[in-house]
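Here is a quick tour for the bench, going from the overall build to the strand pairing and then to the charged pairs. Keep the structure open beside the text as you read.

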Amino acid sequence: MDDRVPDRPRPAGTPEPPPAGARVVTRRNALLLGALGLAGVAAVPVVAALPASAPSPSGAPAAPSPPAPPPTASAPGRALDPRDFGAVGDGSADDTRALQELLDASAAQGAVAVVPAGTYRCTAGLLLTTGARLQLDGGAHLLKDFAAETGLVNAFLRNRDFAVKADGVQITGPGTIGARDHSRTGVVLALYGDDVQLREFTIDTYSGGQAVMFAGDRGRMDGVTIRNSEVDTGTGGIRVIGGADFLATGCSVESGDDCLQFVPIGNPDAVLYDLDITGGSFVGCTGTSTTSRFMVALLEFTGGEPGTTDMSASVVDCSFRDCRGAGTNRGIVVKNTHSQGRIEGVSFTDCSVDMSGAADAETQEIRIQTDPASRGSISGITFTRTDVVRPVNSTVRIGGPNISAVTFDGCTFAAPSGASPLTLVADQVDGLVVRGCTFTGAPGKRQLVVGPVEAVTALAVEDSRFTDVPDGVWAVDLLGAPGAHVTGSTFTAAAGATDARAIRVSPASAGVVIEQNDVTGVGNPTPITDRGTGTEIRGNRGE
């Protein structure tokens, strides 16, 4: 996810060519806006053409220039046709200028631009301003036939100027947008604006950067399909980089990098750097990452020179619900390693990630991580009925300072099939809750290991099941967990196991309470090993 912008925008004060004026709409191509769900939308004034410049050094968007006088609106119920602007749509002619004039006219007149079936070849990016509305009919394909560096300002369809929001932009399908082949690199769609709607179109063939990068309030994506990604070029799916109240529903993402992302830009050389994300959701989305991760909430360095990042961005109250897919290098990651801000209130509900394609390496299928140098925090992270399917590496790894209130509720944890001996391992967490979860063991695999390096405080293991506990290990190993509480859980040894054990309390775990558990299933005469101080063991069956 490289956000560097090698090709800087034109110097300030160098204007772009002004948008074309309004075109007369022929009755031949008239289309009721109501049929497109756009009835009743008033004409929107056009902002004067501005240079595609980066925001001010502080990261705040520059103040917009005064708007040009509003153009005359098109007649109600009319639509714009690219052929009236000179587009050919045969896949050979260069339709860039015609499509740009079409989009400018759409924004100026408050009319929808309806692109009929055909392949519209573009040799440069298409620029969007407030109010642009684009519908791609079935069989319509916007073809990116040029290579570009990664970054927002080089995207195929993008803001005319990222210092000015492009509000109310709409792109709908069922047509497609994509590159001629994987040599045509760069971001496909980059938008910064409020009330943007992306619906039921397909991004087909992309490489480098991201399929979609979005910042703004009340953004909506519904039924968008992203496919045919380059496998190993760091090509991402849907990346939210800033704003509030984003919602993506029913999208399908095939990605060479991360699929579903809440990730502010962590490169100070990029535009729209260090923005907060609040209240975003991915709901009912699916996908596959061929080289990386499926669902992520990240505050991390993603470009430029190490040590130059000074982020304060946060990701707050975001969620993933009923999302199912596959990852390769980790499946779910919540990570704050480069911001003084926080990741807080992020939830995963009824989600699953198939990790059978992962290499057997030192990675984790679910990773929650901070870094001491960033001084940032992670808190209030919940996993509800969210599972890793066919894990290869450590199923869950939690570690780092300033991590608190992490809850797993009703989740199933299978032992990893690879060389890793650990299923769930946690360090340096305050308030880790494991409630109503099921751990399935395998020979040589330890199920829940707490505090092997740094102590975990306020651990609660409640009403969980530890099955197939193998010989020679403890299902719950409290290496550093002062004040831990293990209650209402059951422990069952693997078939034929004679030395399986339930719980170990090590000397670094003082004041542990173990009560109302059922340890009869392990069969070991000493199912609980207590080497701590102040341990309370009471009301357990088979102790």
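## Overall picture

Bear in mind that this is a predicted model. The average pLDDT of the protein is 86, and 84% of the residues score at least 70. Residues 1–77 are the part to treat with care: pLDDT stays under 50 there, and the model has 144 contacts beyond four places in sequence for this stretch.

As for secondary structure, the protein has one helix and 51 strands. Of its 543 residues, 59% are buried. Among the contacts with a separation of 6 or more, 78% are between residues 24 or more positions apart. The accessible surface is about 19,200 Å², and carbon and sulfur atoms account for 51% of that.

## An open sheet and the helix

Let's follow one sheet from end to end. Eleven strands with parallel pairing make up an open sheet, in the order E2-E4-E7-E10-E13-E16-E19-E23-E27-E31-E34. Its edge strands are E2 (90–94) and E34 (387–389), each of which pairs on one side only. On average, neighbouring strands in this sheet are turned by 15 degrees against each other, ignoring direction. Helix H1 (residues 96–109) packs on the sheet, where it touches E2, E4 (118–122) and E7 (140–144). The direction of H1 makes about 100 degrees with that of E4.

At the E34 edge, strand E31 (residues 352–354) runs parallel to E34 and is joined to it by three bridges. If you want a residue pair to click on, Val 353 has Val 388 in E34 as its bridge partner.

## Pairing around E33

Strand E33 (residues 377–384) is a handy one to look at. Strand E29 (residues 342–344) runs parallel to E33, with three bridges between them, and Arg 342 sits opposite Ser 377. Strand E30 (residues 347–349) also pairs with E33 in the parallel sense, over three bridges, and here Phe 348 faces Phe 383. E33 pairs with strand E36 (residues 403–409) too, in the parallel sense and over six bridges. In that pairing, Ile 378 stands opposite Ile 403.

## Charged pairs

Now for the salt bridges: the structure holds 26 of them. Side chains of opposite charge can pair when their charged atoms come close. Here are three examples, with their N to O distances.

| Pair | N to O distance |
|---|---|
| Asp 195 and Arg 218 | 2.7 Å |
| Arg 324 and Asp 322 | 3.4 Å |
| Arg 538 and Glu 536 | 2.0 Å |

What does the salt bridge between Asp 195 and Arg 218 tie together? Asp 195 is in the loop between strands E11 (189–192) and E12 (197–199), while Arg 218 is in the loop between strands E14 (210–215) and E15 (220–222), so the pair links parts that are 23 residues apart in sequence. Asp 195 is partly exposed, at 35% relative accessible area, and Arg 218 is partly exposed as well, at 36%.

In the second pair, Arg 324 is partly exposed with 41% relative accessibility, and Asp 322 is partly exposed with 40%. For the third pair, relative accessibility is 37% for Arg 538, which counts as partly exposed, and 36% for Glu 536, also partly exposed. Elsewhere, Arg 121, Asp 145, Arg 180 and Arg 184 form one network through salt bridges that share partners.

Methods: Residues numbered from 1 in each chain as written. Predicted model: local features only at pLDDT ≥ 70, side-chain atom pairs only at ≥ 80, totals over all residues. Heavy atoms only, no water. Pairing = 2+ DSSP bridges. Helix = DSSP H or I, 4+ residues; strand = E, 2+ residues; numbered from the N terminus. Buried < 20%, exposed > 50% of the residue type's maximum accessible area, 1.4 Å probe, protein only. Contact = heavy atoms within 4.5 Å. Areas by Shrake-Rupley, 256 points an atom, 1.4 Å probe, with all protein chains shown as cover. pLDDT = per-residue confidence, 0-100. Axes fitted to C-alpha atoms, helices over the stretch in contact; angles between N-to-C directions. Salt bridge = Lys/Arg side-chain N within 4 Å of Asp/Glu carboxyl O.
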